[in-house]
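I opened this model to look up a few residues and one helix. My notes follow in the order I made them.

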Amino acid sequence: MGRMRLVVVGAGGRMGRVLTRVVTETEGADVVAAVDREGTDVLGQDVGELAGVGELGVQVTDDPLTAFAKADGVLDFTAPAASLWFAELAAQARIVHVIGTTGWAEGEDKPLHAAARHARIIKSGNMSLGVNMLAALVRKAAAALDSDFDIEVLEMHHKHKVDAPSGTALLLGEAAAKGRGIDLSAHSVRSRDGIMEPRTAGDIGFATLRGGSVIGEHSVIFAGEGERIELTHRSEDRQLFARGAVKAALWGFDQKPGFYSMADVLGLDA
């Protein structure tokens, strides 16, 4: 294939700048457009200079329709409402739409499946290659260990993160539920406070920690009688999410329209 032309949306934000840097470092990919919200002070600025990689000749705009029309794919770590709009535009342009956005309400992402009839939608609660490998291991462990092993998902992020549990924690919880053959929504325990009933066998618990500048730490604990298995991933650099997103975009370039996950990108569903 030729060089992939990519749009970075939310280009002036922290992840947008990291995405721009990673694309410039990736063989076979170029940033051809950059988009941010109307009225932001980064409009009109060169996206390369914003990202600290020097001038790229690409100015930040608030016109995604024009940007998508000249691209092969879009990298999106914004907000659910924005991602739904971008998915519609990606479907019109018939391009790849990589979505690392988190904070989705239950069922809120359903319109993405309609967009995937024309676009190649690749969505994950975490674009890290390591986290998606962890999810595959969690699924296999949950399938191998019966309900005598209680499952708890523990996550910690920086103090500015607003959604909880994190998208990654939910990704891991879904992996555990898939391994057990159960519906996560019916077996999910999100909070514990005060006097409670004993733990119900088969439930999947979530614990959320927030503080400092932690990029992301996730553990899935399988607690049995007299033994405990812990599977852990620690994120040390936001570039790992960007690298995964760019890898996903390049993979999606030659795929048919459809709805995909990072497990598809990495061949982990086999």
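**Entry 1: histidine 97.** I looked first for a side-chain partner of histidine 97, and I found aspartate 76, joined to the histidine by a polar contact of 2.9 Å between the two side chains. I note that this is a predicted model, so every value here is computed. Histidine 97 sits in strand β5, which covers residues 96-99. Is histidine 97 buried or exposed? Its relative accessible area is 0%, and because the cut-off for buried is under 20%, I enter histidine 97 as buried.

I then listed what surrounds histidine 97, leaving aside neighbours within four places in sequence. The contacts are Val74, Asp76, Ser83, Phe86, Ala87, Ala90, Arg120, Ile121 and Ile122. I also checked a distance: from the C-alpha of histidine 97 to that of glycine 194 is 44 Å, and the two are 97 residues apart in sequence.

**Entry 2: aspartate 36.** I went to the loop between β2 (29-35) and α2 (47-51), where aspartate 36 is found. Its relative accessibility is 10%, which means that aspartate 36 counts as buried. What does the side chain of aspartate 36 reach? I found the backbone nitrogen of glycine 12, at 2.8 Å. Not counting residues up to four places away in sequence, aspartate 36 touches Gly10, Ala11, Gly12, Gly13, Val42, Leu43, Val60, Thr61 and Asp62.

**Entry 3: helix α6.** I followed α6 from residue 129 to residue 144. The helix has 16 residues and spans 23 Å from first to last C-alpha, close to the expected 22 Å. At the N-terminal end I found a cap: a side-chain oxygen of serine 128 lies 3.1 Å from the backbone nitrogen of glycine 130.

I marked the buried residues of α6 as Val131, Asn132, Leu134, Ala135, Ala136, Val138, Arg139, Ala141 and Ala142. What covers them? The cover includes strands β7 (150-157), β10 (216-224) and β11 (227-235), along with helices α7 (167-180) and α9 (262-266).

**Entry 4: α6 against α7.** The axes of these two helices are 7 Å apart, and the packing angle is about 30°. That angle is under 35 degrees, so I enter α6 as roughly parallel to α7. I noted the crossing of the pair as right-handed. On the α6 side, the residues that meet α7 include Val131, Leu134, Ala135 and Val138. Among those they face in α7 as a group are Thr168, Leu171, Leu172 and Ala175.

Note on methods: Residues are numbered from 1 along each chain as its sequence is written. This is a predicted model: local features need pLDDT of at least 70, side-chain atom pairs count only at pLDDT 80 or more; totals for chains, interfaces and linings use all residues. Side-chain values use heavy atoms; hydrogens and water are left out. Helices (H or I, at least four residues) and strands (E, at least two) are DSSP runs, numbered from the N terminus. Buried means under 20% relative accessible area, exposed over 50%, partly exposed in between (1.4 Å probe, protein chains only). Contact means heavy atoms within 4.5 Å. A polar contact is a pair of N or O atoms within 3.5 Å; within protein, one must be able to donate a hydrogen and the other to accept it, and residues adjacent in sequence count only if both atoms are side-chain atoms. The expected span of a helix is 1.5 Å times one less than its number of residues. Axes are lines fitted to C-alpha atoms, for helices over the stretch in contact, and angles run from 0 to 180 degrees between N-to-C directions. Angles under 35 degrees count as roughly parallel, over 145 as roughly antiparallel, 65 to 115 as roughly perpendicular and the rest as oblique. A crossing is left-handed if the near helix is turned anticlockwise from the far one by less than a right angle, and right-handed if clockwise.
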